[in-house]
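Biologist: Could you walk me through this one? I would like to learn how the terms are earned.

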Amino acid sequence: MIAWIENADLSAKNSLGFQVTAERFIAVETLEHLELALKDVEQNNWPLLILGGGSNLVLKSFIPGAVIGVSLRGINVLADNESDAIVEVGAGENWHQFIGRLLEMGLHGLENLALIPGNVGAAPVQNIGAYGVELSDCFHSLTAYDRERAELVQLSKKDCRFGYRDSLFKSGEPGRYIIWQVRFKLSTVYSPNLSYRGLKDYIEQQGIISPQSHDVYRAVCEIRQSKLPTPDQIGNVGSFFENPLVPESTYQQLKQQFPDLIAHPDSSGFYKLAAGWLIDQAGWKGYKAAKVGVYDKQALVLINLGEGDADSLLKLAKSIKESVLQKFAVELRIEPRIYPA
Ligand code: EPU
């Protein structure tokens with residue numbers, strides 16, 4: 001028997017800060033607890049939501065069934081040699097604190113992903129990325145609970161099928177795996193990734209000639225803080241839309257029509273359009289509806305003005321999508337998960 005919390009308040013467990021009640025909730029720290037909780041879920045046929053840091057989720061006001069929070073902790077070096085190390089981290093560790101620990105340990109590769117809200121277990125789901133780095137760049141493997149086989153399984157990088165803001169866990173087989181521990185391969189020798197123009201410029205403006213990991217870490221934190229709202233002050237889920245990938249012909253057509261269009265070629269031969277720019281140009285930046293709005297420093301981020309809820313946010317998102325479609329003939333895709341769908 002495990003003790004579910006009935007009518008649990010999840011308002012502090014979603015970064016939008018929405019008032020949300022779950023029919024029942026439990027936080028699990030051990031495999032034994034996870035298995036007991038899943039047994040209840042299966043016996044009762046409850047719909048199930050696995051909750052990480054709640055920073056990429058739009059929760060409706062009432063969540064029927066069960067919510068399981070994974071709280072497994074621990075950061076351990078499994079193997080190291082002169083040039084790299086494999087670090088295993090529990091899904092319940094806070095992502096940004098984990099990045100801070102790696103900095104202290106002198107293990108490099110993920111510093112460009114500093115200050116991304118949420119927990120480690122959620123990071124592979126959407127293959128988090130920022131400032132020229134994606135989680136998959138340093139990913140080694142992970143341990144997940146496979147609900148189909150009812151056991152822990154090991155998944156390699158290939159198994160995880162990472163893409164831009166995508167993975168096996170998001171579009172492949174959602175709901176099948178519960179991420180339990182993630183392993184990263186990190187370098188003991190620092191080689192800065194300054195491929196993101198804004199980061200390189202920022203470092204140069206500071207007069208830093210040969211940037212060390214703590215310089216890049218600090219720069220990323222400062223850039224993020226200047227552009228993105230802090231969730232505990234202003235509820236948000238980071239980018240609300242993906243940057244759309246379009247074929248080169250579409251890009252050329254748009255560029256002719258809108259010479260200021262911001263886009264970057266993608267490794268797959270497509271062009272990634274800056275959705276923030278499209279939304280900004282459609283006039284939405286700083287827009288305020290009754291309960292929700294568009295952040296005034298970054299149009300890609302939708303915010304809770306205080307009394308917001310999923311319905312009002314999705315209504316705003318729909319209007320934004322329609323106006324971008326009308327102006328640019330480009331379809332925006334919502335990036336966070338909406339639950340229940
Ligand atoms: N832009 C505008 N107006 C705006 C917002 C952006 O003109 O209101 C322009 C910017 O000036 C810039 C371009 O659009 O030239 C791109 O903006 P930015 O560099 O801020 O990055 P982004 O494409 O908006 C992506 C990620 C972010 C990540 C940053 C930095 C997605 C969906 N978003 O945003 O990730 O931090 O790059 O690498 O890929 C997240 O996923 O939650 C997230 C914050």
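Modeller: Happily! Keep in mind that this is a predicted model. Let's begin with Asn127, which has a relative accessible area of 0%.

Biologist: Why is Asn127 called buried?

Modeller: Buried means under 20% relative accessible area. Asn127 has 0%, so Asn127 is buried. Asn127 is found in the loop between helix H2 (95–105) and strand S9.

Biologist: What makes the phi of Asn127 worth a mention?

Modeller: Its sign! Most residues other than glycine have a negative phi. Asn127 is not a glycine, yet has a positive phi of about 45 degrees. Tyr131 is not a glycine either, and there phi is positive at about 50 degrees. You will find Tyr131 in the loop between S9 and strand S10 (133–134).

Biologist: How do you know whether Tyr131 is buried or exposed?

Modeller: We use the cut-off again: buried is under 20%. Tyr131 has a relative accessible area of 8%, so Tyr131 counts as buried. Tyr131 is also one of the closest residues to the ligand, along with Tyr164, Arg165, Tyr196 and Gln298.

Biologist: What makes the pair between Tyr196 and the ligand a polar contact?

Modeller: A polar contact is a pair of N or O atoms within 3.5 Å. An N or O atom in the side chain of Tyr196 is 2.2 Å from an oxygen atom of the ligand, so the pair qualifies. For Arg165, a side-chain N or O atom is 2.8 Å from a ligand oxygen, so that pair qualifies too. A polar side-chain atom of Asn243 also lies 2.8 Å from an oxygen atom of the ligand. The protein covers 80% of the 830 Å² of accessible area that the ligand has on its own.

Biologist: Which element gives the most to the shell around the ligand?

Modeller: That is helix H8 (275–281), with three residues. In total, 22 residues surround the ligand, and by class they are ten nonpolar, six polar and six charged.

Biologist: What makes the bond between Tyr339 and Pro340 a special case?

Modeller: Most peptide bonds are trans. The one joining Tyr339 and Pro340 is cis, with omega about -10 degrees. Pro340 is found in the segment after strand S20 (337–339).

Biologist: And how many cavities of 30 Å³ or more does the count give?

Modeller: One. The largest cavity has a volume of about 40 Å³, and its lining includes Ile99, Leu102 and His108. The lining residues divide into five nonpolar, two polar and one charged.

Notes
Residues numbered from 1 in each chain as written. Predicted model: local features only at pLDDT ≥ 70, side-chain atom pairs only at ≥ 80, totals over all residues. Heavy atoms only, no water. Near = heavy atom within 4 Å. Polar contact = N/O pair within 3.5 Å; in protein donor to acceptor, adjacent residues only side chain to side chain. Areas by Shrake-Rupley, 256 points an atom, 1.4 Å probe, with all protein chains shown as cover. Helix = DSSP H or I, 4+ residues; strand = E, 2+ residues; numbered from the N terminus. Nonpolar A, V, L, I, M, F, W, Y, C, P; charged D, E, K, R; others polar. 1 Å grid on protein atoms, 1.4 Å probe; cavity = no way out; pocket = protein on both sides within 12 Å on 5 of 7 lines; lining within 4 Å. Points joined across faces, edges and corners; volume = space filled by probe spheres on them. Buried < 20%, exposed > 50% of the residue type's maximum accessible area, 1.4 Å probe, protein only.
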